Amino acid sequence: MLVSCSADNTTIKIKGSDTEVNLAVQLAESFHSTNPGLFVSISGGGSGLGIASLMNGTADLANSSRSINDLELKLFHQRGINLDSFIFAQDAIAFVVSSSLTIDSITPAELAAILKGSLKNWSSLTGKDLPVNIYGRQSNSGTHDFVKKKLGIDFSPHAKEMNGNAQILEALKSDNSGIGYVGAGYVIHGGSKGIKVLTVYETKNSKAVSPLDAAMIAAGKYYFQRPLFQYYKTGSFEKVKPILDFEKSTSGQKIIRDAGYYPVN
Amino acid sequence: MPSVSWNFISKLPTEGMTKGGILPAITGTVLLTFITTIFAVPFGIACAIYLNEYARPSVLTNIIRASIRNLSGIPSIIYGLFGLALFVQALRLGTSVLSAGLTLGLLSLPYIITTTEEALKRIPTVMREATLALGATQFETIRDVVLPKALPGILTGVILTLSRAAGETAPILFTGVAFYINGLATSFNQEFMALPYHLYMLSTQHQSIGQVRPLAYGTAVVLIILVFIMNCIAFYIRFKQRTQD
Amino acid sequence: MDIKKRESLDWFFKQAFKATGLLTICMLGGIFLMLLYNSIAFAMDIKPVDFFTGYQWNPGNANGKYSILPLLVSTGLVAAGSMIIAVPLGIFTAAFLSEFAPPKLQAVLKPVIEMLAAIPSVAIGFLGIVLVGPGIAKLFGIQNGLNALNGSILLAVMALPTIITISEDAINAVPKSYREASLALGADKWTTLFKVTIPAAYPGLIAAVMLGLGRALGETMTVLMATGNAAAMPRGFLDSIRTITATVAIEMGEVPYRTTHYFALFAIAAVLFLITLSINLLGEYFANRLRKFQA
């Protein structure tokens, strides 16, 4: 019985990025109606979790909102595992504040100063004497990692580490001096009452771009945009193939678009 | 309680778990508790029988008793780590409902032993002596006289312990629970959904927490009702036994 | 059935029952060895000095910081806070139950307290998110109520049944003659309770507090959901904190097996194991003194 238990070919285990989990669940729901014999179990927890689970053999498909890093790649090599990846959508990170703050757009440099904790007050940006409250993600989140790398900073130790995108939005709705970052898909679906999305411009002369602007994302013009990856072991391609095929199908692409992401064409 | 309806407890989740029911979480918890039961109950009762009926005061008996006391004080998250190291990794059961159920079984074992032993202690020694005097072996005495008489007490302890196990989350975090599975769990080697984890996920991990708040309330209500029903059954058995005595 | 068969059956079951007894020793030994083995593996990578000093828990990358201190202080803070709330409340409830409450009220309250102990920890954590957290935010005029105070309040609720049940046993165990002597000397009910009964029940009450504390220190889901999980050194009860249990729960899923970070999580779990073990042993010691007192 124990031996038969270790070989489970009827369930595809997908783990990883919280950004992608909602999308993955919706894909799995529709997938089930076309492939009733094949189960898909999905867990979130962050991109690092997905990649680690893939390495540990507790996942078949790792959702990741960042590309795999050198340290992880080294560990896969040590274990003699070959990897393949698949980009199934584009995501844009939205920086969100309370709608009562008098600020509409921001530069990456200003964001870096705020998020690393050197700019502790909103007065220089908005003229209002309010303390900055940072709502971020846990260190295992791909979003956290992406923002950190893109800005080249370490986050302030007083940044609150929230468990998910939605918790950040919830907190920002009731915090008139908070700032947080979430996937653009969530702003569209989580409701925008009491909050606003900042547009980002790189230099004084360049145009400020909104993460909700599909055309600009498609052109790759938004500063904080990234591809969403799915990693799998080369050896288990046959097992995960049905779900990858479904993601590429017309109905799969429609689900991706409806969920607030930008399909890769 | 508008969120708890028949549809809520009998339908699969839909639209990224923002609508629909929690049936897979309910069946997952039931399956999980079933595995916990078939593992922990026989072992727990056997150990309690050994301690109360066979063991004489000795160093070994003292060590066993001390182990049981200490096991019941170990934080549940450490059982989770142990389950991960033993069942998921060493025994290669993977993240599955079997690994998680066995982990919860380990966690429940000390409680089942303690409550069973208390139930056995309440059986008067005279009853055992009478049977032994008639020529029955010790095992026959236990099987035919002690256990039937102690059954209500044992059952009370077992049901109370299982109600705790059904509500536990920390030990199943790394051993097999999943956010979502697109169907009902059918085998022991699948990952599974569970009510307590579903509540945790809906209230902290889901992307649209505000939107799924009613579902979280509903899940909390179903979970608490389930645990309370189990408790009430245990209390009823205990009450009936006391009025009989 | 002939007697030989019956006797060998008897022998077989005796050995089987004994084996399950030995299984419990193996379990405790297994848990201990697992923690020890992985902690030693961790000590090979990170100097124990850095583990117990230092101020940062920031694991994962090549030059990760592995200091248990912020987590330990967080764990201690939230548990101490819960005891400040639960100990007086628990002991007074126990005293009320055993000394003042009419039998009918007792018959209702006792099952209610037992039911309280059965509520799953996620449900209590959920309460912290939807009720206690917003309440704290409003009361103190802060933006977010997910902090140590929230955790303490919830852990107090969870430790209360343990504290009440054991305290009540301890107070009941005080001989009736003590109270009668005090009342006969003209002391009123309250003076008798505070000056005679509670001091006499002291060892049992300490046992109650220890076992309640053990429960609070080892609780995972409630603190994970309600305390905000910031791994910085806490400065007060209104700061977000991250306990040892919550750290293991958050990070264990994300680590590749057999890396420094993986071993580190076992190492902090080992520290928690030793703390809860000694607290429980201490509680056990006082409970035994109570038993002698009863005899």
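Accessible areas here come from the Shrake-Rupley method with a 1.4 Å probe. On that basis, chain C of this predicted model exposes about 13000 Å², and carbon and sulfur atoms supply 69% of that area. With this surface in mind, a tour of chain C can begin.

Chain C is built from 12 helices and two strands. Read from the N terminus, two helices come before the two strands, and helices make up the rest of the order, α-α-β-β-α-α-α-α-α-α-α-α-α-α. The C-alpha trace spans about 80 × 70 × 35 Å along its principal axes. Of the 295 residues in the chain, 54% count as buried. Contacts between residues far apart in sequence are well represented: among contacts with a separation of 6 or more, 71% join residues 24 or more positions apart. As for charge, chain C has 21 positive and 16 negative charges, and the mean positions of the two groups are 2 Å apart.

Helix 3 of chain C, covering residues 69-100, is a good place to look more carefully. Its 32 residues reach 45 Å from the first C-alpha to the last, close to the 46 Å expected at 1.5 Å a residue. Even so, helix 3 bends by about 30° at C:Ala86. A proline, C:Pro88, follows within four residues of that bend.

Helix 4 of chain C, residues 103-118, holds C:Lys104, and C:Val108 is also placed in helix 4. C:Lys104 counts as exposed because its relative accessibility is 72%, above the 50% cut-off for that class. The lysine's C-alpha atom is separated by 39 Å from that of C:Gly145, a residue 41 positions away along the chain. C:Val108 has a relative accessible area of 51% and is therefore exposed as well, since the class begins over 50%. From C:Val108 to C:Tyr178 the distance is 28 Å, C-alpha to C-alpha, with their positions 70 residues apart in sequence.

Two loop residues deserve a visit for their backbone angles. In chain C, C:Asn229 sits in the loop between helix 10 (221-226) and helix 11 (244-251). Although C:Asn229 is not a glycine, it has a positive phi of about 55°. This asparagine counts as buried because its relative accessibility is 2%, and the buried class covers values under 20%. In chain B, the loop between helix 4 (76-90) and helix 5 (97-121) contains B:Arg92. B:Arg92 is likewise not a glycine, and its phi is positive at about 55°. With a relative accessibility of 63%, however, B:Arg92 counts as exposed. The pair thus offers a buried example, C:Asn229, and an exposed one, B:Arg92.

Chain B also provides a residue inside a helix. B:Ser163 is found in helix 7, which runs over residues 138-167. The relative accessible area of B:Ser163 is 1%, so this serine is buried. Which residues does B:Ser163 touch, not counting those up to four places away in sequence? The partners are B:Val227, B:Met230 and B:Asn231.

Note on methods:
Residues numbered from 1 in each chain as written. Chains lettered and ligands numbered in written order. Predicted model: local features only at pLDDT ≥ 70, side-chain atom pairs only at ≥ 80, totals over all residues. Heavy atoms only, no water. Expected span 1.5 Å × (residues − 1). Bend = angle between axes of the 7 residues up to and from the residue. Buried < 20%, exposed > 50% of the residue type's maximum accessible area, 1.4 Å probe, protein only. Contact = heavy atoms within 4.5 Å. Lys, Arg positive; Asp, Glu negative; His and termini not counted. Charge placed at Lys NZ, Arg CZ, Asp CG, Glu CD.
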